[in-house]
Each structure stands twice: as C-alpha cells, then as structure tokens.
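Let's take a walk through this model and see how its pieces fit together. Keep the 3D view open as you read.

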Amino acid sequence: MAGILVVAEPQGSGFRRVGLEILSKARELKDATGGPLAAYVGGSGVADQAAQLGAYGAEKVFVADHEALGSGLAAPHVDVLAQLQAENDFSAILFGGTSQGRDTAAALAARLGAGLNSDSTDLAPGGSGLQATRPAFGGQNLVQSTWTGGPQIALVRPNSFQASESGGSAEVVAVTPAISDDALRAKVTARKPAEEGKISLEEASIIVSGGRGLGAPENFAVVEALAASLGAAVGASRAAVDAGWYPHPNQVGQTGKTVSPNLYIACGISGAVQHKVGMQTSDVIVAINKDEEAPIFQFADFGVVGDLFEIVPQLTELINQRKG
Amino acid sequence: MKIAVCVKEVPDTTAEKRIDPGTGRLVRDEGDRMLNEFDKYAVEEAVRLKEAGAADEVILISLGPEKAVESLRQALAMGADSLVLVSDPAAVGSDYLGTANALAKVLDDSGAELVLLGSEATDARSGVMAAALGEVSGRAWVTAANSLAVNGGSVTVERQSDDGVDTVELPLPAVISVTKAINEPRYPSLKGIMGAKKKPQEVKSLADAGIDASKVGEAGAGTKVLSVETPPARQAGQVVKDEGNGAQQILDFLVEKKIV
C-alpha cells in the first residue's frame, strides 16, 4: 500500500472547497504514506476540470465520467473507487464531510472492510501511516485515532484546513467506470437545485444564526440581511427550528449540524449546551443577546448585550458601507 | 410488508458528556439515557406507513447495553410492534462496520423489506450507518429522505442532497435514512406507554443472533483510539453593553481579527 487518494467533488466548473482543502493538507502527509498524492474526480462532464487539481498538489488525477456519477448518489462512486483501490492499493483515501462524501466513504469502507474515521479536523503522520483528530461532544474532548489496517479511510470536516495552491501540475488519467447493476438500483428521476449562490452550512466560512430572541419567523430577515452582507450562510437554533421559524437543514446544534466556520455570529441565541456543542469549534464567536446572563457570553469571543433588532441592521449597514 | 427501524440509545442530549481517557469510550453510566432523537423520525414514518395500510408490522432493531431496552421502549410506545436488542460484552467497542454487520444479520433474519434509520445518532454524529448497512446487507439504499412513499415494490424518496432536493426511486428491499423534515414525531400516549411494556422485547447475545463475534466489538473494529484529550474550555471574551455603538464595536473587533 502506498500513497493517498483524495476524493474531490466537482461543483460547477470547479470543485467543492473541502476537496481542495484536503489536497492542500495531503501534500504534507504523502511522504508518511510512501507517496504519491492522487485525486479522484467522478461526475458527468467533468473531464475538463480535472487538471485544475494539479495546482493543489495532486500528481495524478483519476477521472471517471459517467452519467450515473453525476446523479448525487454515492453507490456508483463506490464501484469506481473500489476498482481504483484494487488497481492502485492506496494506503489512505480521504473524503470531504459532505453528504455525498459521507455516503461514499461509509459504503466504500464497508465494502473494503476498512476502518473509517469520521469528522476529522486534523490529520497527521503517525503509526502505520496517518492518525486522525476528531472533536467529540462539540469539542469538549479531542479524540486521536488511528486505523487497525488499511486502507485508512477518513472523512474530513470542511474548514479544517486552508486550501492553498502549490503550483504543480497533474497527470490526468481517464478511468473507464465499471458500474454494477446493483449500484444503479436507486435512480434519480428529478432534481431541484437549491437557490443559486446559497452556501451550505457545513462548508460556509461565516455563519450568522438566529434563535428564540428573533421572536417571529419574519424577523429572520434581519439575520439573512447580515448574512448576505458577509457572504455567509444562515443558521438557526433548535428553539427557532422547533417553533417552525426556519427550516430543519439550517439547524445548528446537537440535534442539527455541527459547524466550524471562521466566524459564527449568534443573534438572540442563549447558548444552551444543545447549541454550544454544534458551534463551539468555530474560530471566532460573536454573540448579540439582550440577556446579559445568557450562557453564550461565557464562550463568545466578543459579546454585545443589547437589542438585536437595532444592532444587527446597523452592523449590516456598516459592513455594506465598508464593502461599498 | 414488514418495516424494520434501526434505533439507538444515546446519552441525554441536554447533559454534558465525557469520554473515559483510559478506554477512549463514552462514559455510559453517567446521567440519563434516551432514544436517539433522530431515530424518532424514522419510527414515526414507519408507524405512519403502518397506519396508512402500507405496512403490517414495525420491528425495532438495536445494538447496545441490555439496559437500553428502557430507552428504546419509547419507540414501542410510539407504535412499533416489537424490539430485538443485540447485547453482548463482546460487542462493546463496535465501530460503524461492527454495528452494521450485527444489524444486517438481525435484518436478514427478520424478513423486513424496508429498513429505516435516523440520519445520525446524537452521540457519535457520524451519519454513516445507512450507507454502511445498505452496503453490508446488499440492499438498495439512499440517505436523507425528506419524504417517502411506498408504491408496490418500490419506494420514492425526496432526498436532501448537497445541491438541492432530488427525487429518487429505489426498489425494495431498501435501506433509507430520513431527515427531520420528514414528519413531526408524536408524543407517546399514556395508552401507548402502558402497552409498550407488554410488547415483545427480545435481548439476544451474539450467539443467539447468529452474529460472528470476530466481525463486531473491538475485534472487528477498523479504527483504534490512541488518546483522548480535554482541551481547555473556551473562555469568555469581551462583553460590552450596547450604548448605540454596539454594531461599530463588533465591526472593529472583526476588522482587528482580519475577518472583514
């Protein structure tokens, strides 16, 4: 076994940032696995963009182009990756923690009988290859894990590493995908894309969230306006989601999503354990709440006690002016 | 049609939790335990399918400590018909694959055509079980169903993908995980709670369930915890009272941090 395979998910004419983040980090790790650093690009009509990954450190890019690989379902990718693993015997296969990444990593690992470290926020050389760091319970504990055998399969949390170009170039290898009938049992019959330009919560580098303090669903408009000024994604606390003010996919917390953006702005959120464990690994936390006793002020980097309906629109305007 | 719902007992989500630095495992005897919140959506969906006549039986399948029966009984109170809990000292320390192997064996013996799961468990938070179970059990599978309709031998799902919502069709037998958007789980009625105690609740050892002990527990785990650290808790930063310039102070802070 040797080398690392990074699974980079195509998005439009480029790639999801998390794939580039992992490739950038993997440049430091490849020697520990005996090199080289390769990438996998699977999709429909993606051959042209594959070479872009050379700039982030991929020495070889395996491209599989097939209609079923662009469906958003993982099973066809599992067949192709299992085929690549049989031919190349990588010592590590790294995925971004997107919905498709999770599905593909889990099914591939199960097929190969391999260990899977989920939600890794750091990877380092160690033991017989790599070791992974995973925050448990929203970062109250940091668990260092390794694998008992190979290949070492990991899911990496978005925003864990910086994407940086190394100026390299890659050899692009076209793979003829052999996709089994079993992998085509589930079929996508219609697709409804999310709004253009909408940023997913897990991948966002800035998140603005609203909670109970917003008081009513229509008041999420102030949070959305601040998010728009910052190019941020919108989150919501459990209280706001349970009250029906904002959709489930936007919930941050123990029973919602776990996020680690560079900046998290909590508007009218008290910061109960339920919420805290979903966002306390953010780099910088800013809180706005009218209750000075709110637990969020015990772990926010900057807190303002006051009326969010005054402060948030003012902040939006200040940021728009600054950009403007 | 028989539906199986995979359920898990987890620590109370409102309590602080910790990992034993010695074993690298969750400290399991501290505080309250509960049915994994995400599983309630899968149980609710199964019970609704039964109430609508699309299914005639809903069974629960779980792997965990024997005491978990008490938490899992809530799913019986919601309307599931029976529970099979695999509990065995040799299954302690199972990873995703050990768990999938154990659940798959029970599923194969159950005759269930549709298998439902919650999208993740509130303790491990990996969200990988449906895909692993689909693969291990050889059934068609799809994750993140916002809605689900059974039509004869197939299921139509509205699926939350990374890029939007897709309509997916897959044949039975199938493994499907559901999101919180799929329904509003009911609170068990008093009658349901009383009735739950009388429903079949089987606790099986690995041997009883015919599960190969080398494929579960620590023996079958593909990952190993090296160490568990407790990083210093996040400290409170600066807190100011808004006196008209709160927004400006936030902006100054963000500029100082080079975020804007």
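Start where a helix from one chain meets a helix from the other: Ile311(A), Gln314(A), Leu315(A), Leu318(A) and Ile319(A) in α7(A) meet Gly246(B), Ala247(B), Gln248(B), Ile250(B) and Leu251(B) in α8(B). Sorted by class, the residues of this contact come out as seven nonpolar, three polar and no charged. Helix α7(A) covers residues 308–323, and its axis lies 8 Å from that of α8(B), with a packing angle of about 50°. That angle makes α7(A) oblique to α8(B). As for handedness, α7(A) passes α8(B) in a right-handed crossing. One thing to keep in mind as you look: this is a predicted model.

Now zoom out to the whole meeting of the two chains. How many residues of chain B are in contact with chain A? There are 71 of them, and they touch 73 residues of chain A. On the chain B side, the elements that give two or more residues include α3 (96–110), α4 (129–137), β9 (164–171) and α8 (246–256). Which element of chain B gives the largest share of that side? It's β9(B), with eight residues. By class, the side of chain B that touches chain A has 31 nonpolar, 22 polar and 18 charged residues.

Strand β9(B) has a partner in the other chain, too. Strand β13 of chain A, residues 187–193, pairs with β9(B) in the antiparallel sense over six bridges. To find the spot on screen, look for Pro193(A), which stands opposite Gly164(B).

Next, follow α4(B), a helix with neighbours in both chains. In chain A it packs against α3(A), which spans residues 99–112. Their crossing is right-handed. On the chain A side the contact uses Asp103(A), Ala106(A), Ala107(A), Ala110(A) and Arg111(A), while α4(B) brings Ala131(B), Ala132(B), Gly134(B), Glu135(B) and Val136(B). Those residues divide into six nonpolar, one polar and three charged.

Within chain B, α4(B) also meets α3(B). Here Met129(B), Ala132(B), Leu133(B), Val136(B) and Ser137(B) in α4(B) touch a set of residues in α3(B), among them Tyr96(B), Leu97(B), Leu103(B) and Leu107(B). This contact has 10 nonpolar residues, three polar and one charged. The two axes come within 9 Å and cross at roughly 55°, so α3(B) and α4(B) are oblique to each other. This crossing is right-handed as well: α3(B) passes α4(B) that way.

Here are the three helix pairs side by side:

| Helix pair | Angle | Axis distance |
|---|---|---|
| α7(A) and α8(B) | about 50° | 8 Å |
| α3(A) and α4(B) | about 35° | 8 Å |
| α3(B) and α4(B) | roughly 55° | within 9 Å |

Time for a sheet. Strands of a sheet pair through backbone hydrogen bonds, either parallel or antiparallel. In chain A, seven strands form an open sheet in the order β7-β11-β6-β1-β4-β5-β12, and the pairing is parallel. Which strands sit at the edges? They are β7 (116–120) and β12 of chain A, and each pairs on one side only. From one strand to the next, the twist averages 20°.

Helix α2(A), residues 75–88, packs on this sheet and touches β1, β4, β5 and β12 of chain A. The direction of α2(A) makes about 150° with that of β4(A).

You can trace one end of the sheet strand by strand. Strand β4(A), residues 37–43, pairs in parallel with β5(A), residues 60–65, over six bridges. Along this pair, Ala38(A) stands opposite Lys60(A), and Val41(A) stands opposite Val63(A). Moving on, five bridges join β5(A) to β12(A), residues 171–175, and these two run parallel. There, Val61(A) stands opposite Val172(A).

Finally, step back to chain A as a whole. Its domain assignment gives domain 1 (4–184) and domain 2 (206–323). How far apart are the C-alpha centres of the two domains? They lie 32 Å apart. The contact between them takes seven residues from domain 1 and nine residues from domain 2. On the domain 1 side, those residues are two nonpolar, four polar and one charged.

Methods: Residues are numbered from 1 along each chain as its sequence is written. Chains are lettered from A and ligands numbered from 1 in the order in which they are written. This is a predicted model: local features need pLDDT of at least 70, side-chain atom pairs count only at pLDDT 80 or more; totals for chains, interfaces and linings use all residues. Domain bounds come from an automatic or database domain assignment. Two residues are in contact if their C-beta atoms, placed from the backbone, lie within 7 Å. Ala, Val, Leu, Ile, Met, Phe, Trp, Tyr, Cys and Pro count as nonpolar, Asp, Glu, Lys and Arg as charged, and the others, Gly among them, as polar. Helices (H or I, at least four residues) and strands (E, at least two) are DSSP runs, numbered from the N terminus. Two strands pair if DSSP finds at least two bridges between them. Axes are lines fitted to C-alpha atoms, for helices over the stretch in contact, and angles run from 0 to 180 degrees between N-to-C directions. Angles under 35 degrees count as roughly parallel, over 145 as roughly antiparallel, 65 to 115 as roughly perpendicular and the rest as oblique. A crossing is left-handed if the near helix is turned anticlockwise from the far one by less than a right angle, and right-handed if clockwise.
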